[in-house]
Amino acid sequence: MQPTPEVVLAVVFLPFVAAALTPAVFRVLGERTAYFAAATALVCFGLVSQLYLAGAHGTVSFDWIPSLGVSLAFYVDGLALLIAFLASGVGVLILTYSGGYMHGEPGQAKYYATLLAFMGSMLGVALASDLVSLFVFWELTSLSSFLLIGHYTSEDASQYAARKSMLITVSGGLFMLVGFLLLVWVSGQVLPEATYSLPVLLENAGAIRAGLGEAGLLIPALVLLGLGAATKSAQVPFHIWLPNAMEAPTPVSAFLHSATMVKAGVYLVGRFRPLFLSEEAAYFGEWTMLFAVLGLLTMTVAAVLAVASTDIKELLAYSTASHLGLIVAAFGFANEYGAEAGAFHILNHASFKAALFLVAGIVAHEAGTRKIAELGGLRKHLPVTAVIAVVASLSMAGLPPFNGFYSKELLFEAAWYAGTDIGGLGYLFPVVAVLGSVFTFLYSLKFASLFFGDEPDALGHVHSPPTVMLVPPAILALLVLGISASATLGLGPETPINAFVGHVYASVAAGEAHGFSIGFPTKLTPYVVMSGLTILGGAVAFPFYDRLHDAINAALRGPVRANWWYDNGVEGLSTASVRSIPHAQNGLLRTYATWGLGGVTVLALGGYLAASVSLPAFTGFAVTPAIFLVLLVAVVGAVAVDIAPSHVAGVLTLSILGFMVAIFYILADAPDLALTQLVVETLVLVIFLLVLNRLPAFYGEVNPSRAIRDGVLAVAVGATVFVTVLVTTAASPADPISGFLAERAGIPAEHGPFFTDYGGGGNIVNVILVDFRAFDTMGEIAVVAMAALAILTLVRMRERGETK
C-alpha cells in the first residue's frame with residue numbers, strides 16, 4: 001500500500017524538532033535528557049514499524065523547487081526500512097546507554113541535540129527519493145558527525161579526527177553530487193524530461209544505462225558514485241578517518257560508526273545496484289570491477305590492520321571498515337547470492353558490531369583503559385558483559401551457527417560463482433575472500449579473549465556497569481541469537497527475519513527477486529569448504545597472533561600507511577597556503593581587486609564559451625539624438641577619468657557618468673529610477689570628496705607595466721559586463737513579467753478582509769521591493785542591521801578604551 005505522508009514526515013522530521021527542543025529540555029531534566037532523546041527515537045521506531053507492518057511501499061512527494069522539478073520526496077521499500085530500523089532502533093538503545101555513559105560529561109545538551117539531528121539526517125538518507133534531498137541529508141550526516149567526533153573540543157586528537165572525517169566524507173559527497181547530475185542529464189536525453197527521482201530512474205534502468213553508455217559516461221558516473229560511497233563507508237584508501245573517529249564518546253562510535261552513518265555508503269551501493277546491473281549483466285562488468293574489487297580489498301586490508309591494533313575501539317573501527325567492505329563486495333557481484341549477502345549482512349553487522357562497541361564502552365568506562373595489552377580476565381568482574389562479548393565476537397568471526405556465518409557464507413557463494421564464471425584471475429575473488437575472513441576470525445577471537453585468561457598487572461579495579469549501560473548491548477546480543485536461530489533452523493521465507501530480509505533483497509536485486517530463505521548447510525560445497533578453511537586457518541594462526549601483530553606494525557612505516565599520504569598532503573597544502581598569504585593578502589586593495597575581478601572575468605567568459613552561448617543579433621537598433629548626446633558625454637567623461645591629474649578631478653569626472661545614467665533613465669520614462677540614481681550619485685560624490693580630503697592631492701608616478709595590466713583588466717571586466725548584459729537581456733518572452741507585476745501590485749477590485757495574491761500597494765516599485773522580492777529585501781535589511789550592530793559595538797568598545 002502507499003505510505004502515509006504524515007507518518008513518513010514524522011519519521012524524518014521528529015528528531016530535528018526534538019533536537020531543537022533539547023537545550024530547553026536539558027534545563028529541566030538535566031542528564032535525564034538522554035531518556036527524552038531515547039523516547040523520541042522510540043516513537044520514530046514505532047512509526048517505521050507501522051510502515052512495515054502496513055506493507056507500505058511507494059513514494060510520497062511534496063513540491064520543493066517546482067521550477068527545477070525538485071521535490072521533497074520519500075521512498076519506502078525494504079532497503080529504506082532496514083536503514084530506518086537501524087537508525088531508530090539502535091538509536092533507542094544508544095541514547096538509553098548514553099544516560100549512564102555520559103554521566104558527568106561536559107556538553108550534554110549539545111551531545112543529545114546533535115545525536116538526534118544525526119538520527120533525523122540518517123532517516124532522511126534512508127527514505128529520500130529525490131537526488132537533491134538525498135544529497136542534503138547525506139551532507140547533514142557529515143556535519144552532525146563532525147560535531148559528535150569533535151565532542152571533546154579541547155582535545156587535539158578530537159579536533160584532528162573531526163577535521164579528517166569532515167574533509168574526506170564531504171569531499172566524497174561532492175563527487176557523488178556530480179554523479180547525480182550526470183544521471184539527471186542523461187535522464188533528460190533518454191526520457192521525456194529530466195528527473196531527479198530515484199524511483200523513476202530505477203524504473204527506466206535499461207534506458208539510463210544505455211544513455212550513459214552512448215554518452216561515454218557509464219564509468220565516470222560509477223566512479224563518482226563510488227567515491228561518495230567509499231568515503232562515507234571507509235573503503236580503502238579512505239578508511240583512515242574511521243579509526244581516528246573513535247576519539248568520539250563510545251555511544252557515538254556505536255551509533256554512527258558501526259550501525260548507521262557508515263551504512264550510508266553501502267546503502268548507496270545497494271540503492272543504485274538495480275540501476276547499473278541488469279539480469280543479464282556480465283560477471284566482470286564495470287560494476288563488478290569497481291565494487292567487488294574495492295570491497296574485497298577493503299575487507300582484507302582493514303582486517304589486517306585490525307590485527308595490528310593496540311586499542312579495542314581501534315580494533316573495532318578497522319573491523320567495521322572490513323565488514324563494510326564485505327557488504328560492498330557482496331553488492332558488487334552480479335548474482336543473486338551477492339544481493340542476498342549484502343542485504344543480510346547489513347542487519348547482521350549492525351547487531352553484533354553495535355553490541356561490541358557498547359561492550360568496549362563498558363570496558364573503558366569500568367576498567368579505565370582501552371589498551372589491549374592492559375586487558376584480560378575481565379570475565380571475573382564483568383560476567384554478563386563477557387557473555388555478550390562472546391556472542392557478538394563469534395558472530396563477527398563468522399563461526400556457525402551465529403548469524404555472521406550465514407551472510408559470510410552467502411558472500412563465499414557469490415565469490416565462488418563469480419570466479420567460476422569468469423575463470424582465470426576470477427578465482428582471486430574466493431581466494432581473497434577467504435584470506436580476509438581468516439584475519440577477521442583472528443581479531444574476533446582476540447576481542448573475546450580479553451575476558452578470559454589472567455589479569456595483567458596494569459589492570460586496576462574493575463567496577464560493575466550500571467544497568468542502563470548493560471541492557472542495550474544485552475538486547476543486541478539477544479537479537480544476534482534470534483537471527484542466528486532463525487537462520488540455523490531454516491524455517492523458510494515466511495519467518496519474520498527471513499521475510500524482512502527478503503524485502504531488503506528485493507530492493508537491491510537486478511530484476512525479479514525470489515523469496516529469501518537460508519538454513520544450516522547440510523552438504524559439502526565449495527563455499528562450505530571456504531568457511532572451513534577460514535575457521536581452520538584462523539585457529540591455526542591464533543597462537544601466533546602477537547607475532548602477526550608485531551610483524552604488521554613493523555611493516556606499516558612511511559608511504560605504506562595511508563595516513564602518511566593524508567598527513568603529508570594536508571601539511572603540504574597548509575604550508576603552501578601560508579607561503580602564499582604574503583602574495584595574495586598583501587594589504588593592497590588593488591591586489592584584491594585584480595584577483596577578484598580577474599577571477600570573475602575568467603569564470604564568466606569561460607562559462608559562456610563552454611556553454612557555446614551566442615550573442616544576440618542587433619536588429620531594430622536605433623539611437624535618438626538625445627540618447628546619442630548622453631552617450632557621447634558619458635564617453636568623454638570616461639576618457640576624462642583616465643587622464644585626470646588628481647583624485648578630486650578623477651572623482652568629479654567619474655560623477656559625470658553617474659549623472660548621464662540618470663538622464664538616460666529620464667529619457668527611458670523611468671523618473672523614479674532617475675531620482676534614485678541622482679540621490680545615490682550625489683551622496684557617493686560627497687563621501688568620496690570627504691575621504692579624498694585625507695589623501696594626497698596627486699597620484700604620483702604610475703608604473704607602466706602596472707598601467708598596462710590594469711588597462712587589460714579593465715577592458716576584460718568591461719567586456720564581461722557587456723556580454724553578460726547582452727546575454728541576459730536577449731530573451732523576449734511572450735508574456736513579460738512587467739505585465740504580471742503591474743496587474744498584481746495594486747488592490748483587486750473585489751476582495752475580502754485578507755488577500756495574498758495581490759500586493760495591495762499604490763507604488764509598484766515599493767510593492768516589488770517589499771512583496772515580490774520580500775526575501776531579497778529582508779536579506780538586505782538583515783545585512784545592514786548586522787553591520788550597524790557591529791559598528792555600534794566597535795564605537796562602544798572605543799569609548800571604553802578597548803582596542804582589540
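A residue counts as buried when its relative accessible area is under 20%, as exposed when that area is over 50%, and as partly exposed in between. The exercises below apply this definition to a predicted model.

**Exercise 1. Determine whether Asp669 is buried or exposed, and describe its place in the chain and its backbone.**

Step 1. The relative accessibility of Asp669 is 68%. Because this value is over 50%, Asp669 counts as exposed.

Step 2. Asp669 lies in the loop between H26 and H27.

Step 3. The phi of Asp669 is positive, at about 60 degrees, although the residue is not a glycine. Most residues other than glycine have a negative phi.

**Exercise 2. Describe helix H26, which Asp669 follows.**

Step 1. Helix H26 covers residues 647-667, which makes 21 residues.

Step 2. From the first C-alpha to the last, H26 reaches 31 Å, close to the 30 Å expected at 1.5 Å a residue.

Step 3. The buried residues of H26 are His647, Gly650, Val651, Thr653, Ser655, Gly658, Met660 and Ala662.

Step 4. Their cover includes helix H25 (625-643) and helix H27 (671-692).

**Exercise 3. Establish how far helix H9 is enclosed and what covers its buried residues.**

Step 1. H9 has 15 residues, which should span 21 Å at 1.5 Å a residue; the end C-alpha atoms are 22 Å apart, in agreement with that expectation.

Step 2. Of these 15 residues, 11 are buried, so H9 is largely enclosed by the rest of the structure.

Step 3. Among the buried residues of H9 are Leu218, Ala221, Leu222, Gly226 and Lys232.

Step 4. The cover over the buried residues of H9 includes H5, helix H6 (156-190), helix H8 (205-214), H10, helix H12 (263-276) and helix H13 (286-307).

**Exercise 4. Examine the loop between H9 and H10, taking Ala234 and then Pro237.**

Step 1. Just after H9, Ala234 takes a positive phi of about 55 degrees. Ala234 is not a glycine.

Step 2. Ala234 counts as buried, because its relative accessibility is 0%.

Step 3. Pro237 lies in the loop between helix H9 (218-232) and helix H10 (241-244). A cis peptide bond joins Val236 to Pro237, with omega at about 5 degrees.

Step 4. Another cis peptide bond runs from Pro400 to Pro401, with omega near 5 degrees. Pro401 is in the loop between helix H16 (383-397) and helix H17 (403-422). Most peptide bonds are trans.

**Exercise 5. State where Ala128 and Thr320 lie, whether each is buried or exposed, and which residues each contacts beyond its neighbours within four places in sequence.**

Step 1. Ala128 belongs to the loop between helix H4 (108-127) and helix H5 (131-149). Its relative accessibility is 2%, so Ala128 counts as buried.

Step 2. Leaving aside neighbours within four places in sequence, Ala128 touches Ala73, Phe74, Tyr75, Ser133, Leu134, Phe137, Leu198 and Tyr267.

Step 3. Ala128 and Ser197 are 69 residues apart along the chain, and their C-alpha atoms are separated by 9.4 Å.

Step 4. Thr320 is part of helix H14 (residues 312-332). With a relative accessibility of 0%, Thr320 counts as buried.

Step 5. With the same neighbours left aside, the contacts of Thr320 are Leu242, His257, Ser258, Val262, His349, Lys353 and Phe357.

**Exercise 6. Identify which residues touch the most other members of the largest nonpolar core, and which helix gives the core its largest share.**

Step 1. The largest nonpolar core has 201 residues, of which Phe272 and Phe276 touch the most other members.

Step 2. Helix H15 (residues 336-367) supplies the largest share of this core, 18 residues.

Step 3. Leaving aside neighbours within four places in sequence, Phe276 is in contact with Leu183, Arg209, Leu212, Leu218, Leu222, Leu225 and Trp287. Of these contacts, Leu218, Leu222 and Leu225 are buried residues of H9.

**Exercise 7. Describe the protein as a whole: its secondary structure, extent, burial and contacts.**

Step 1. The secondary structure comes to 31 helices and 2 strands.

Step 2. Taken along the principal axes, the C-alpha atoms fill a box of roughly 100 × 65 × 65 Å.

Step 3. Of the 804 residues, 47% count as buried.

Step 4. Among contacts between residues at least 6 apart in sequence, 78% join residues at least 24 apart.

Note on methods: Residues numbered from 1 in each chain as written. Predicted model: local features only at pLDDT ≥ 70, side-chain atom pairs only at ≥ 80, totals over all residues. Heavy atoms only, no water. Buried < 20%, exposed > 50% of the residue type's maximum accessible area, 1.4 Å probe, protein only. Contact = heavy atoms within 4.5 Å. Core = buried A, V, L, I, M, F, W, Y, C linked by side-chain atoms within 4.5 Å. Expected span 1.5 Å × (residues − 1).
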